[in-house]
Amino acid sequence: VFLLATGSTPLLRVILVATVNGTPEVLMDGVTTLTQVAPGTTPGQSTLTVTGEDLTKVMDSNLTDSSGTPYPAMSPEARVAMIIGKYGMYGLVPLVIPSLFTDTPVPTERTPSHKGSDLHYVRKLANEAGYVFYIDPGPAPGMNTAYWGPEIKVGVPQPALNINMDAFTNVETLNFSFKTGEKVLPIVYVQNPQSKSSVQVPIPDINPLQPPLGATALMPTRVEVLRDTAKLSPLQAVSRGLAAGAKSADAVTGTGTLDV
């Protein structure tokens, strides 16, 4: 365990590293938010409690409120990469995945501007694109990966969850739920800039990185009309529709306790 005190912020940075077979593995990289000391009446009974968060806390401070900063002719992913680049002192490396329908605004028509803290604005852009944003510590001590992109559900298979299998049991409790009424079909309004007429366009769930969690694909049970999309560009409207569909795609949820 070692501490790094940065000179640009009053927060104290803490990095937890475990070295196994000579290979360092970063367990946590963040800043402290609360430090408590409880002296004991006998030797060995004093406790030091340190509470903290990951480096998103640094992006959410009052010092990072750049409201009003213009981003002319910059797509959402370009804005995110520019914002994350400001935190290179923390070893933050951006991993930005372009959205399916990239919308680059024309400066003569509109210029997007920054609103709120860096974390608030980056998460707002992720929410509008149906993406997620998080910071993953590592791979080397002092480095962090800032991921902005779709929630990835595919990858290397993980060890099986076993229940009531003697020595192979690794699950204490496990509950699954399947909400058939949560799936919606978003419908967006696309407006013709010349005639000012609007057309309703249904947006299906076409994200290849988010396969269905159940053996049977969930069918939409209700329609959600996004009426505020008529004032947006066609690419923005489609992106909002995909984001709305992604929120309701996770109809299968599982909760439980593992024996680690």
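**Exercise 1. Locate Pro-139 and characterise the peptide bond that precedes it.**

Solution. Pro-139 lies in the loop between strand 6 and strand 7, where helices (H or I, at least four residues) and strands (E, at least two) are DSSP runs numbered from the N terminus. The bond joining Gly-138 and Pro-139 is cis, with omega about 10°. The model is predicted: local features need pLDDT of at least 70, side-chain atom pairs count only at pLDDT 80 or more, and totals for chains, interfaces and linings use all residues. Residues are numbered from 1 along each chain as its sequence is written, and side-chain values use heavy atoms, with hydrogens and water left out.

**Exercise 2. Determine whether the length of helix 3 agrees with its expected span.**

Solution. Helix 3 comprises twelve residues, 118-129. The expected span is 1.5 Å times one less than the number of residues, which gives 16 Å. The end C-alpha atoms are 17 Å apart, in agreement. Just after the helix, Gly-130 takes a positive phi of about 75°.

**Exercise 3. Identify which element gives the most to the largest nonpolar core.**

Solution. A nonpolar core is a set of buried (under 20% relative accessible area, exposed being over 50% and partly exposed in between; 1.4 Å probe, protein chains only) Ala, Val, Leu, Ile, Met, Phe, Trp, Tyr and Cys residues joined through side-chain atoms within 4.5 Å. The largest has 23 residues; Val-122 and Trp-148 are among those touching the most other members. Helix 1, helix 2, helix 3, strand 6 and strand 7 each supply at least two residues. Helix 3 gives the most, with six.
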